[in-house]
Structures are given as C-alpha cells and as structure tokens.
Amino acid sequence: MSEDIVLKTTDLTKHYGGVHALEGANFELRKGEHVAIMGDNGAGKSTFVRQITGVEQRTRGTVVFDGTEVNFSGPIEARESGIETVFQTLALADHLDVPDNLFLGREKTKWNWLGPFRFLDYKAMRQDTLAALEKTGVKIPNIHNTIEKMSGGQRQCVAIARTASFHSKLTIMDEPTAALGVQETEQVENIIRQLKAQGEPLILVSHNMRQVFDLADRIVVFRRGRICANLDIKTGDYTGEDVVSYITGAKTGAEYEGAA
Amino acid sequence: MSDTSHGTGGLKFDKTKKSWPSELNVLLALIIIIVIFEFLGQVLPYMNDQSFLFDTKDRFDSIFNEARLKIIILQVAIIGIIALGVSQVIITGGIDLSSGPLVAATAMIAMSFGQTELVNGFANPKALFGPWAMDLPVVIPVVIGLSFGAFIGAINGTFVSYFKIPPFIATLGMFLICRGIALWWSSGNPISFPTAQFQAIGGGMMPVSWFLSLAVIFHIIMRYTVYGKHTYAIGSNEEAARMSGINVKRHKIMVYMIAAMLAAFAGIVLSAKASTAQAGMGEFYELFAIAMAVIGGISLSGGRGSIIGTVLGAMVLGVIRSGFTYIKLDGSYQLMAMGGIIIAAVILDQYRQRNKV
C-alpha cells in the first residue's frame, strides 16, 4: 500500500437489520487531499462516516487509518488516534466559553498531583485558543462569551476550530454549513481552505454543489448505500450536471458498473 | 442542540452586551428584602423604631446589630453546608433529595462513636455501645460519619449513572432508606452526651466557620479545577461531555459522593451543636438546601450557577427567617414567603433560559 494513504476502507458494509445502509464501500484518502462525499438523503454518506469514526460498529469490511488497521470502539478512541469529527449536531457545551469548549476533556492543567481537583491553566488555554482561532481565520470578538450567546456560524466555527487546533491526522465534517447563512458559510469555507493550505486531509459531507466544486479535490458519490462514482474534479472535466446524474442514478462510474 | 440560527445571521457581535452575572440578581434581591424589613420595622406601629440590621440602640461597637447578623447566618449555616453539595449535583443536571435523612442517619452513626462514658460521674444514660465506643478521639466519629456519607453518595451516583435511574427517583429512594437507617440505628432512641471534643465541632459560631470555609474551598474547586469544569460541562451538554472524552459516569458518582459527604458533615455539625442525635433530625433540610441553590441562581436544568450564588441564596433564606421573627410574624408566614420566593426564583431562571441573558 502506498505510503501517503491516510485512510483506506475495503468492503465497508453496514446493515441495520435487513436494511443495507452501506454496501461494500472501497474508499481511499491521500495525505493533504480534500474529498467531498455527495449523495441523496439516505444514500449512505452519514452511515459511512459513522463507521469510520466508531460511532457505530460496521457489519463487515476493514478500515486502515494511518497505516494500521483500526477497530474503534467509540468516537473518543477514534479521536485519540487522530480522527476529528465535526458532527451535524455540534458537540459543544452551551454554558461554557470558547477556550473551555476547545479544551473540553483535554484541559491544560497545573498542579496535577491534585488529581481530579488539579487546577486549570486558563492562561495557557486562552493563548492556545487565540492561536487556534488565528490559524483557522475565525473571528470571534470575545472568546469569553458562552456558546449559547453565539450565532450558528460562530458555534460552527468554534466546533471546527476545536478540531483544527489539535493536529488531527484527519478531519471529517458532516454538512458543516447546512444550517448557516451566506456569511457564516463563507467563514466556514475559509477555515476549510486554511486546512487545505496546511496540508491537512479532510472528508467533507455536503449537499452544496458550488461548495464542493470550490473546495474539494475529488468527489465520491454515494447512491443507495454504494459508492457509484469517484470524480477527480481537479483534473477531470466534470460539471455539476455530471455529478447530479451520478447522484440520481442516471450515470454510474465505469469502475462501479454493476453497483446499484 | 437548541436554536442554532438565532441572531442576525452575520458574525457581528455586540461586544457591549456584557453578561450580567446572576449572582448580582440574588445580591439585589437580598438587599431589597433587607430594605423591606427595615422599612416595615419603621412603619409597623408595634416595632418601637427598632432597626432590623443596624445597631440603633448602641448595644454593639459596630454600626450593625451583630447579634442579628450572627443569628441570620448561624441558622442557615448547617443547611448551607448541604446546599454546597446539592448545588454541584444540580449543576450536573441532577437532584439530591436524600440529604435531609442522611443528616439524621449520619448524626446517629457518628454520635454513637462520639459519646462520653461518664456524665456528671454517672454512666452515660444514652450510651448506645459498650465502653469500647466511649471517649474515642473525635477523628473516629468524624471519619465514620464521612465514610457513611461517601458510601450513600456512591450508591446514589451509581444508580443515576450506571442504572440510568432518574436522580429524583434514586435519591427519593435513598431519602426513605436513610430515614429508616436513622430510626433503626438506635431503635428510635436519641443518642446524647458527646465528648467535649465532639461538641466543639458545632459549638458557638463553628457551624458558620465550617460553612464559609467550605464555601470558599468549593468556590475555588468549581471555578478553577478540572472537576468543576467537567461538572458544568456535564450539566450543559452531557452528550458533548461524553464525546469530549470526559468519563461522565465516574464524574457523576464523584459529584454525588461529594454532595453526600457534605450532607454527612452537616449531620455531624448539627448533632455536635445540639449535643444529641435524633432520628427525626434534618427534616426538610434537603428541600431548604435545594431552595438555597435555586434562589442563588443554580439552574435546575443544569450547567449554570455558582457557589457564590448558593451562599447568597442561603443568606436570602436566613434574612427572611430572621426578618419574619423581627416583625413578629410566626413561622407559618415564613414558610409561605419562602415558598413564594422559591417559585419566583424558578420563574426568573426560566425567563433567563428563554431569553439567554
């Protein structure tokens, strides 16, 4: 296997009882590559993401991440090995401020001999938060405001800055801009461009054709639980219409003939 | 996640909209209540121009009526100790109803190891155990009492986090169990005549010292330590806390244990202060402790509030109780007024939740 492959799934399959939500997904992601996953509702996009991040246990197939075969028992284990996920439902604590949320569960501390009562190093966390926000280009006027007082876009930016600030080996975003306005979407897209510039690989689940063509190197289309196209949009000559016809089933990628 | 699309939609943010800490509301309420009693003291015909909080008769060296100030805080100090723990439980989104009976059960258990052998030269008439349990160093009853509290708290926490029993039900069960233990321990008989050392735990203004020093310690813990941060995070968004790698189950057990140990300590202080332990002690304490927390701005939906708020909430209850005595209205009015204030505090909390102020 090639050295620069970050993630590779082989025959990844998930059945919910009799429902074949995901069937034999073979997927590869190379270092620094941004891949968009598209498909209709129920096509298996989120199911695919849930198998990789350990939120659910797959029915069959293998996942190789960072050179080793992995079997995550849960999202925490996935994150510990370097997969950061921004879920559709943001995992933020509403009553806490930005640094608290960025460092939730991995606080910077001092006087560690105090065990659970070890003290928080607020100063270090504030500095790192400012650095992380700068790195991602997020502008939040007052990082000591609680999340509940922020707009949807700011929340999304905090959630993304959180993943970006921990040197993850792979970032997965599940429809990060679905609930956002135009300006906010733009800010999130800027963060994604920053990640690209820093060479961090990304899987982006999105319905937004313009966004995908703007941001991604490659589009993988899911249809009825199977991957039906793998389009290199940076080199190949594809249009939105092509993608739509793959999504709807009017076309199927040559190498996926025989798929649903 | 609740409403994620409120606001103007842009990234503009009103920097001037500084948050108004809820503690200031409680402080304001406290001052208003004091002013009302002060005013009533001046206008009510039977009051002889007596002041509520100020030393108008020059009985003390300060401008305040020190005796009343002491009574106000002394009569809420022991329940206040419980409230410090209950506040933490409520911040995680839970509730602890077992603290009142736990006070009684711990008082009985601790006092039975804190008795003195000879009372005025005669054998202790209320002795529960034989001479082996008499005149023990004070550390023994205290450690036994706190251990019992920790054990009860661990059970509460385990039921809540591992068996997914709603905190209300789990601690309601423990409420009855602890009252039963308190009655069973000495077959309903009071346990009295503690050692001088044991008595000293609750002597004079000691309950106030315990309350205030524990309040300072837990204020620091809740605001500046990982324990505190995780407690808030769990109450704010338990799912997010779990996703962030916080061991939510273990943390909840720890919170319930700390709350129960504080209630157990309150039981020790109470029995030391009264020099006796009785199975009926601590009646309604759990409710008053919850009331202090709620009045102090601890949100019943979790994630919000502070120890400073709880201390102020305790002061509000103390001032009301003392104020009604001052204007010579009996306990029935006190209870009605406290009930009204608790409801008002919850209404205010819900208003804050809706408006996110």
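Modeller: A residue is called buried if 20 or more other C-beta atoms, placed from the backbone, lie within 10 Å of its own, exposed if 12 or fewer do, and partly exposed in between. The model is predicted, with local features needing pLDDT of at least 70 and side-chain atom pairs counting only at pLDDT 80 or more, while totals for chains, interfaces and linings use all residues. Residues are numbered from 1 along each chain as its sequence is written, and chains are lettered from A and ligands numbered from 1 in the order in which they are written.

Biologist: Why is strand β11 of chain A called largely enclosed by the rest of the structure?

Modeller: Strands are DSSP runs of E with at least two residues, numbered from the N terminus. In β11(A), residues 218-223, 6 of the 6 residues are buried, so the strand is largely enclosed by the rest of the structure. Arg218(A), Val220(A) and Phe222(A) are buried on one side, and Ile219(A), Val221(A) and Arg223(A) on the other, so to both faces the word "covered" applies.

Biologist: What makes β3(A) and β11(A) a pair?

Modeller: Two strands pair if DSSP finds at least two bridges between them. Strand β3(A), residues 34-39, and β11(A) have 5 bridges in the parallel sense, with Val35(A) opposite Arg218(A).

Biologist: How do you know that β11(A) and β12(A) pair, and in which sense?

Modeller: Between β11(A) and β12(A), residues 226-232, there are 6 bridges, in the antiparallel sense, and Phe222(A) has Ile227(A) as its bridge partner. Their hairpin has 2 residues between the strands, and Arg224(A) takes a positive phi near 45° there.

Definitions and conventions:
Helices (H or I, at least four residues) and strands (E, at least two) are DSSP runs, numbered from the N terminus.
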